Amino acid sequence: MAAGMGSRYGGLKQIDSVGPNGEIIIDYSIYDAKLAGFSKVYFIIKRENYDIFREVIGDRIASQIETEYVFQELTNIPEGYKVPEERVKPWGTAHAIMSCLGKVKEPFLVINADDFYGRDAFVKVSEWIDKADLNADPMQYCMAGYILKNTLTEYGHVARGVCTMDENNYLTSIVERTKIMRRDGQVQYTEDEENWVDLDENSIVSMNCWCLTPKFIDETAKRFTEFLDENLEKNPLKSEYLLPTVIRELIDEGKATVEVLKTDATWFGVTYKDDKPYVVKSIKDKVDSGEYPSKLWE
């Protein structure tokens with residue numbers, strides 16, 4: 001998913017170079033995914049960014065892995081609704097997946113283009129796919145579960161889906177917290193910019209690393225009208241149709257199960273401009289240690 005605007009970052013962060021030879025973060029995710037057995041990548045982008053995405057990464061990796069593009073567009077809404085005037089923000093991560101309706105016809109792994117996930121997540125999801133019944137009813141899904149303290153930035157707040165699991169590591173609830181940060185040594189979140197609530201830094205959170213199926217895409221399309229009815233009037237410019245919301249509804253309705261695959265990997269990403277030096281250093285350290293080649297695709 002790469003259609004986000006990057007407003008906090010101050011630019012099109014998904015294509016900002018962080019590797020020693022011009023690689024961007026998604027290069028490393030695609031590299032890890034390919035090593036884990038994935039064979040195709042769909043870029044979900046804005047139509048106006050198509051040319052630059054092809055120039056920066058698409059044409060470069062097309063010889064390495066099958067590559068396609070899906071456009072997430074504000075105008076992709078049900079008949080009878082219209083885009084609010086002055087809205088420029090995409091409709092959210094569930095809408096991004098909804099944009100794949102009729103295009104993605106295989107089980108698929110969802111990731112954010114501007115997050116570094118670590119190879120462990122791709123390996124664990126790939127192994128899960130090999131043993132899962134992807135035609136089961138209720139639907140069987142999985143997600144990579146990260147330790148919250150391993151997913152924070154020093155330069156501001158982050159959004160994370162805070163998870164609760166049962167004794168078998170199946171997701172029982174997920175709540176999207178859009179503003180989480182460390183304050184005076186304590187991890188906290190806020191919903192109103194005034195009241196801050198403590199969070200256990202060892203909580204398991206979602207980084208939007210999900211294994212889903214085409215049936216899930218159908219569900220996002222079916223439920224989008226309900227989202228618009230509930231949110232369009234009260235928050236026309238910024239309301240977002242989010243993946244955790246749809247997944248929580250499916251779990252509550254008994255239509256899906258989600259196995260949480262815990263990983264100790266440390267996330268890094270370019271949420272803010274000040275994150276970039278740390279990301280560049282982290283990539284360099286991994287190259288120096290031999291985890292990645294200096295020239296990734298040679």
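Me: Leaving aside neighbours within four places in sequence, which residues is Ile-180 in contact with?
Reply: This is a predicted model, numbered from 1 along each chain as its sequence is written, where local features need pLDDT of at least 70, side-chain atom pairs count only at pLDDT 80 or more, and totals for chains, interfaces and linings use all residues. Side-chain values rest on heavy atoms, with hydrogens and water left out. Contact means heavy atoms within 4.5 Å. By that rule, Ile-180 is in contact with Leu-148, Leu-152, Gly-156, His-157, Val-158, Arg-160, Val-162, Val-187, Gln-188, Tyr-189 and Leu-199.

Me: Which helix gives the largest share of the largest nonpolar core?
Reply: A nonpolar core is a set of buried Ala, Val, Leu, Ile, Met, Phe, Trp, Tyr and Cys residues joined through side-chain atoms within 4.5 Å, and buried means under 20% relative accessible area, exposed over 50%, partly exposed in between (1.4 Å probe, protein chains only). The largest core has 56 residues, and Ile-30, Phe-43 and Ile-180 touch the most other members. Helices (H or I, at least four residues) and strands (E, at least two) are DSSP runs, numbered from the N terminus. With seven residues, the largest share of this core comes from residues 25-36, helix H1.

Me: How many residues make up the other core?
Reply: This core lies apart from the largest one. Its members include Ala-94, Tyr-141, Met-143 and Trp-210, and its size is 39 residues.

Me: Is Thr-213 buried or exposed?
Reply: Let's first find its place: Thr-213 sits in the loop between strand S10 (204-212) and helix H5 (214-231). Not counting residues up to four places away in sequence, Thr-213 touches Pro-107, Phe-108, Leu-134 and Tyr-141. The relative accessible area of Thr-213 is 5%, so this residue is buried.

Me: Which residue in S7 is the bridge partner of Val-162?
Reply: Two strands pair if DSSP finds at least two bridges between them. Strand S6 (residues 158-165) and strand S7 (residues 171-183) run antiparallel, with seven bridges. Their hairpin has five residues between the strands, and Asn-169 takes a positive phi near 65 degrees there. Within S7, the partner of Val-162 is Val-175.

Me: In the turn between S7 and S8, what is the phi of Asp-184?
Reply: S7 also pairs in the antiparallel sense with strand S8 (residues 186-190), over four bridges. In one of these, Arg-182 has Val-187 as its partner in S8. The hairpin has two residues between S7 and S8, and Asp-184 in the turn has a positive phi of about 50 degrees.
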